[in-house]
Amino acid sequence: MPGLYERLQKTAGAAAPAGSAPRTAGAPWAREPEAAPEREGGAAPGTAAPWSGVDPELKARVKQRLAEELDAETLERAQRGDDRPVKEAIAAILRAEGASPLELGRLTAALYAEVLGFGPIQPLLDDPDVSEIMINGPRHVYVERHGRLQRAPVRFEDDEAVLRLIERIVAPLGRRIDEASPMVDARLPDGSRVNAIIPPLAIDGPAVTIRKFARDPFGIDDLIRFGTLTPEMAEVLRACVQARLNILVSGSTGSGKTTTLNVLSSFIPPDERIVTIEDAAELQLRQEHVVRLETRPPNLEGRGEIAIRQLVRNALRMRPDRIVVGEVRGGEALDMLQAMNTGHDGSLTTVHANSPRDALSRLETMVLMAGMDLPVRAIREQIASALDLIVHQARLRDGTRKILYITEVQGLEGDVIVLQDVFRYVQTGVEDGRVRGDFRATGVRPRFSERLAAAGIVQSTRTRKTERRRASKRRGFASEFSRTAGWPPGWRVLSCM
Ligand SMILES: Nc1ncnc2c1ncn2[C@@H]1O[C@H](COP(=O)(O)OP(=O)(O)OP(=O)(O)O)[C@@H](O)[C@H]1O
Ligand SMILES: [Mg+2]
């Protein structure tokens with residue numbers, strides 16, 4: 001009799017149900033079962049939707065039997081975090097359907113998640129206003145709503161219940177969490193990013209952080225509506241992306257870097273080939289011609305890791321027009337800079353930093369991490385010639401995200417990389433808990449405006465003479481700039497998609 005695996009295989013490749021993670025790789029159990037020990041822990045964080053490739057009929061049958069066999073009390077217990085009876089019932093049905101012991105764990109976890117959701121936090125997952133869920137042990141659950149942190153009226157029975165939740169999340173991905181590997185990155189079936197860390201590393205109990213996946217990711221109009229930037233700034237950024245400037249988005253954790261990177265990527269013309277590289281795929285590009293690459297953590301024996309760095313190098317052999325790297329954290333910064341310097345201009349990436357200047361020093365440190373023993377001056381030369389623009393973003397105290405700086409990287413003078421702000425957000429006060437301030441253009445004509453003009457993206461509407469006269473009236477020029485926060489005065493953006 002064919003095993004459950006064979007029957008699942010029969011329909012492998014069938015479309016994944018709505019709401020499944022937007023993945024490229026196959027479901028963990030849709031591969032050779034014999035290879036399972038290698039796979040254990042070796043699957044990428046968030047590899048595949050648990051249900052992709054599963055015979056829908058079989059799934060429906062198992063769910064139907066489950067619905068018939070589970071009573072209200074068992075379900076209630078599960079909602080409170082005691083999932084054992086439900087899991088036992090699921091396992092019994094799967095066994096009856098011919099699942100092998102190897103498949104049981106994964107399928108049980110996947111079924112449980114689908115049938116019962118994720119217990120106490122399911123309402124938070126379902127709440128569209130919640131963007132992030134943070135579980136600090138069983139009694140302290142926090143959420144972020146509209147940019148603000150709040151305690152959620154949710155609790156787990158005990159540490160065990162949180163641990164079971166983590167297991168339920170990671171098991172369908174072929175990963176596990178225990179004392180030997182007490183930290184794990186994973187993804188929910190809908191693509192939400194999950195990090196879990198357990199004792200003894202997490203001192204007060206298992207901690208889980210969930211960044212909810214935006215089903216409909218923010219676009220440039222959303223960011224303008226939220227006050228993250230002005231329409232004029234958006235226009236400049238669009239022009240810069242189209243003119244193939246190399247752009248670094250910097251900001252602290254949760255400041256909205258990935259979101260902004262996604263929006264910037266949306267400005268890439270549709271006829272260009274894009275390769276994206278990420279630790280856990282979060283970008284959602286609308287273009288058709290996109291190749292998405294994702295890193296792979298080492299398996300339980302510590303083998304098989306594929307890091308961002310290797311993917312960047314591989315991407316160079318894939319004839320990319322643009323390389324978009326989700327975040328640079330280490331030695332890959334060097335490869336990225338080299339790529340930017342060797343004809344792959346128009347590349348985009350993000351970095352954790354507190355200011356544009358800080359972003360540069362972080363990059364410098366990361367290049368040193370590549371272990372090439374480069375002198376600092378050589379590194380700065382690389383950075384100065386590779387990078388054109390830094391877009392620095394922050395989460396302000398009222399929870400709003402703002403682009404605080406759009407800064408041009410002008411070049412190297414002596415040993416110092418010269419930065420010139422094009423736009424700045426100036427905070428003027430706080431009213432009723434809301435931050436007040438405005439975006440100002442600095443009034444300095446960025447050097448890249450020549451590149452934008454050469455690319456036919458902007459056109460000067462002023463003669464050189466007017467330009468000079470304006471420049472001599474510096475103050476008037478600057479105030480016109482700050483009044484409109486537009487850029488550049490006297491320039492017209494020609495091509496907008
Ligand atoms: N401009 C914005 N306005 C309001 N909310 C935003 C904005 N950008 C992002 N967010 C929200 O903030 C949260 C964090 O966004 P994002 O993942 O882009 O940040 P990040 O800086 O990449 O975070 P990390 O450092 O963890 O990678 C998400 O829930 C997102 O929906
Ligand atoms: Mg990010």
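Of the 497 residues in the protein chain, 41% count as buried. The model is a predicted one, so take the exercises below as readings of a prediction.

**Exercise 1. The overall make-up**

Task: work out how many helices and strands the protein chain has, and what share of its contacts join residues at least 24 apart.

Solution. Start with the secondary structure: the protein chain comes to 18 helices and 17 strands. Next, take the contacts between residues at least 6 apart in sequence; 61% of them join residues at least 24 apart. For a single case of distant partners, try T253 and V351: they sit 98 residues apart in sequence, yet their C-alpha atoms are 9.5 Å apart in space.

**Exercise 2. The cores**

Task: find which residues have the most contacts inside the largest nonpolar core, then list what I383 touches.

Solution. As background, nonpolar side chains tend to be buried together in soluble globular proteins. Here the largest nonpolar core has 71 residues, and the ones with the most contacts inside it are C240, I247, I277, V312, I383 and I406. Now pick I383 and skip its neighbours within four places in sequence: what's left is L337, L360, L363, E364 and I417. There is also a second, separate core, with 39 residues, including A109, L111, F156 and V194.

**Exercise 3. One face of α14**

Task: decide how the buried residues of α14 are arranged around its axis.

Solution. First check the helix itself. α14 covers residues 356-369, 14 in number, and reaches 20 Å from first C-alpha to last, close to the 20 Å expected at 1.5 Å a residue. Then mark the buried ones: P356, A359, L360, L363, M366 and V367. Looking down the axis of α14, these buried residues fall within an arc of 125°, so they line one face of the helix. The general rule behind such patterns is that an α-helix has 3.6 residues a turn, so residues three or four places apart point the same way. Two of the buried residues, L360 and L363, are among the contacts of I383. After α14 comes G371, with a positive phi near 75°.

**Exercise 4. Around ligand 1**

Task: say which elements give two or more residues to the shell around ligand 1, and which gives the most.

Solution. Begin with the count: 17 residues surround ligand 1, and the closest are S131, G256, K257, T258 and T259. The elements giving two or more residues are β1 (130-136) and α11 (257-265). Of these, α11 gives the most, with three. By class, the shell holds three nonpolar, ten polar and four charged residues. The loop between β7 and α11 is home to T253, which is exposed because it has 7 C-beta neighbours inside 10 Å.

**Exercise 5. Backbone oddities**

Task: locate R244 and R319, and say whether each is buried or exposed.

Solution. Keep the usual case in mind: most residues other than glycine have a negative phi, and most peptide bonds are trans. R244 has a positive phi, near 65°, and lies in the loop between α10 (231-242) and β7 (247-251). Count around R244 and you get 20 C-beta neighbours inside 10 Å, so R244 is buried. R319 also has a positive phi, near 50°, in the loop between α12 (308-316) and β10 (322-325). R319 has 9 other C-beta atoms within 10 Å, so R319 is exposed. Finally, the peptide bond joining P199 and P200 is cis, with omega about 5°; P200 is in the loop between β5 (193-197) and β6 (207-211).

Definitions and conventions
Residues are numbered from 1 along each chain as its sequence is written. Chains are lettered from A and ligands numbered from 1 in the order in which they are written. This is a predicted model: local features need pLDDT of at least 70, side-chain atom pairs count only at pLDDT 80 or more; totals for chains, interfaces and linings use all residues. A nonpolar core is a set of buried Ala, Val, Leu, Ile, Met, Phe, Trp, Tyr and Cys residues joined through C-beta atoms within 7 Å. A residue is buried if 20 or more other C-beta atoms lie within 10 Å of its own, exposed if 12 or fewer, and partly exposed in between; C-beta atoms are placed from the backbone. Two residues are in contact if their C-beta atoms, placed from the backbone, lie within 7 Å. A residue is near a molecule or strand if its C-beta atom, placed from the backbone, lies within 6 Å of it. Helices (H or I, at least four residues) and strands (E, at least two) are DSSP runs, numbered from the N terminus. Ala, Val, Leu, Ile, Met, Phe, Trp, Tyr, Cys and Pro count as nonpolar, Asp, Glu, Lys and Arg as charged, and the others, Gly among them, as polar. The expected span of a helix is 1.5 Å times one less than its number of residues. The arc is that of the directions from the helix axis to the C-beta atoms.
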